[in-house]
Amino acid sequence: MQELKDRARELLADGTVKRVLGWKIGDLPYNPEPAYFETEESLKDFVYNGFCGANLSKYMIEASKLDGKTMVCLKPCDTYSFNQLMKEHRVDREKAYIAGVGCKGKLDIEKIRKQGIKAIERIEGAGICDEAETLKIQTVYGEKTCAYADAMLERCHVCKGKEHKIYDELIGESKETADADRFDEVAAIEAMSPEEKFAFFQKELSKCIRCNACRNVCPACSCRKCVFDSTKFDSSQKANVDSFEEKMFHIIRAFHVAGRCTDCGECSRVCPQGIPLHLFNRKFIKDINELYGEYQAGEDTGAKAPLTDYTFEDAEPSIVGKRG
Amino acid sequence: MSIEKKEFRPKIVAFCCNWCSYAGADLAGSSRLGYPADVKIIRVPCSCRVNPMFILRAFEKGADGVIMCGCHPGDCHYSTGNYYARRRMTLLFSMLDYIGVENGRTRVEWVSAAEGVKFSDTMNEFVEKIYSLGENVRLGDLRCRS
Ligand code: SF4
Ligand code: SF4
Ligand code: SF4
């Protein structure tokens, strides 16, 4: 992290960039937040550790409108989002100085809490440079430990790899974290009966409080005017609608990012209700891969997006019933 | 007070493109080929005009089945509209199936202006299918139930 901070200081000092987009220390040991740093002085609060899961690429939409360059810290998965935003002409490459930062998996505080570790005061081992396999957690009830891998975000277990797809310079080491297949869960649901599927989603989606966090954080959801903000769309008032409205919200949200979602995992990370939103996104990704050929959004800015492309021989919609 | 149990009559929404399928429906009519009155046709300029939301909205407002008809691939009045629609509908139907909605409730059929018979056959078949599936209880909004 020191290396990254030093580099940020240098770039600010020599005028290459006007500001640095990174993470700053939060009020708790596990909630660093995205922030701009405009002076060398302010960098004292700069932090990069295992809790810096936030994908900063979406902030570049606004930063692209500012004067001068912005140094933005992007993890490998974040660079896919940046690429996708570039393809959609939402960010300006010329306005960004991309520091590709290393990643050894990001942590999910909820996973730590689920192990019964509460009232956390201090966490050791979440720094990006130490090679710790376990986290030492100081709580008001004494010291607890937790394996790093057990506290990792779901998305890091299915990480797309540690190669940055776009960068100006690389800083810091990465470590392979993938140990699962991202479509396993989707395949398990596909194998259920219609009743089981319906019950599963009913249970998950009824938890939704329509806070819109999943939409706000998503780099693919960057329309200036959003359908969900319309007063004519009933889902803006969850209180007076019935259970279908939430399914509508979720299907439409996922559909709007189909073929553009890079599976960056931010939506699932920020959902305060722990709803596995990736199950929707990945269903579309899986179908697209199976029906129209492998496609990874954000990988190649030149490739044609699956929903703006077609072939004469495309599968007919009736294939849905036939696939079983 | 007794609650009268009404016989099930499905509500079926058919989105038909202006250039082929709607003309196909017209031909079915003028050739005196019958199809059930449960089918309500909504004319759209092109199958590509059908936003996934239209389908969901139709279900929400009480439809028991939704069918979309357009020109055959290769014959679209706007050359390529139905190709995009085809991919969109495939993904949408697959998603509906994934969340547990019986996939027989959704369908896409390509009907040209000369295929009055196909239009009538398709509608008869689809209505029958919906009769066998019964009322749509998974997707409707309670407020829209009569
Ligand atoms: S998905 Fe991969 S690159 Fe992204 S935070 Fe997790 S481990 Fe890092
Ligand atoms: S973040 Fe979670 S609770 Fe909030 S709207 Fe999205 S799914 Fe619902
Ligand atoms: S839908 Fe979720 S996983 Fe996909 S790009 Fe948006 S935030 Fe990332």
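How many of the five residues of strand 4 (residues 70-74) of chain A are buried? In this predicted model, five of the five are buried, and the strand is accordingly described as mostly covered. The side chains of this strand are divided between two directions: T70(A), V72(A) and L74(A) point one way, whereas M71(A) and C73(A) point the other way. Burial applies to both sets, since all of these residues are buried. In a regular strand, side chains alternate between the two faces of the sheet.

Strand 4 of chain A has pairing partners in strand 1 and strand 5 of chain A. With strand 1 (residues 19-24) of chain A, strand 4 runs parallel and is joined by three bridges. Within this pairing, L21(A) has V72(A) as its bridge partner; V72(A) belongs to the set of residues that points the same way as T70(A) and L74(A). With strand 5 (residues 96-101) of chain A, strand 4 pairs over five bridges, again in the parallel sense. Here the bridge partner of M71(A) is Y97(A). The connection from strand 4 to strand 5 of chain A passes through helix 3 (residues 76-87) of chain A, and the resulting β-α-β crossover is right-handed.

In chain B, an open sheet of four strands was identified, with the order 2-1-3-4 and parallel pairing. Its edges are formed by strand 2 (39-44) and strand 4 (106-110) of chain B, each of which pairs on one side only. From one strand to the next, the twist averages 20 degrees. Strand 1 (residues 12-17) and strand 3 (residues 65-70) of chain B are paired in the parallel sense over five bridges, and in this pairing V13(B) stands opposite V66(B) of strand 3.

Two helices of chain B pack on this sheet. Helix 2 (residues 52-60) of chain B touches strand 1, strand 3 and strand 4 of chain B, and its direction makes about 150 degrees with that of strand 3. Helix 3 (residues 81-98) of chain B touches strand 3 and strand 4 of chain B, with a direction at about 160 degrees to that of strand 4. Strand 3 and strand 4 of chain B are thus touched by both helices.

The surroundings of ligand 2 were also examined. Around this ligand lie 13 residues, of which C208(A), C211(A), N212(A), C214(A) and C271(A) come nearest. By residue class, the shell around ligand 2 comprises nine nonpolar residues, three polar residues and one charged residue.

How values were computed
Residues are numbered from 1 along each chain as its sequence is written. Chains are lettered from A and ligands numbered from 1 in the order in which they are written. This is a predicted model: local features need pLDDT of at least 70, side-chain atom pairs count only at pLDDT 80 or more; totals for chains, interfaces and linings use all residues. Side-chain values use heavy atoms; hydrogens and water are left out. Two strands pair if DSSP finds at least two bridges between them. Axes are lines fitted to C-alpha atoms, for helices over the stretch in contact, and angles run from 0 to 180 degrees between N-to-C directions. Contact means heavy atoms within 4.5 Å. Buried means under 20% relative accessible area, exposed over 50%, partly exposed in between (1.4 Å probe, protein chains only). A crossover is right-handed if, with the strands pointing away from the viewer, the path from the first strand over the helix to the second runs clockwise. A residue is near a molecule or strand if one of its heavy atoms lies within 4 Å of it. Ala, Val, Leu, Ile, Met, Phe, Trp, Tyr, Cys and Pro count as nonpolar, Asp, Glu, Lys and Arg as charged, and the others, Gly among them, as polar.
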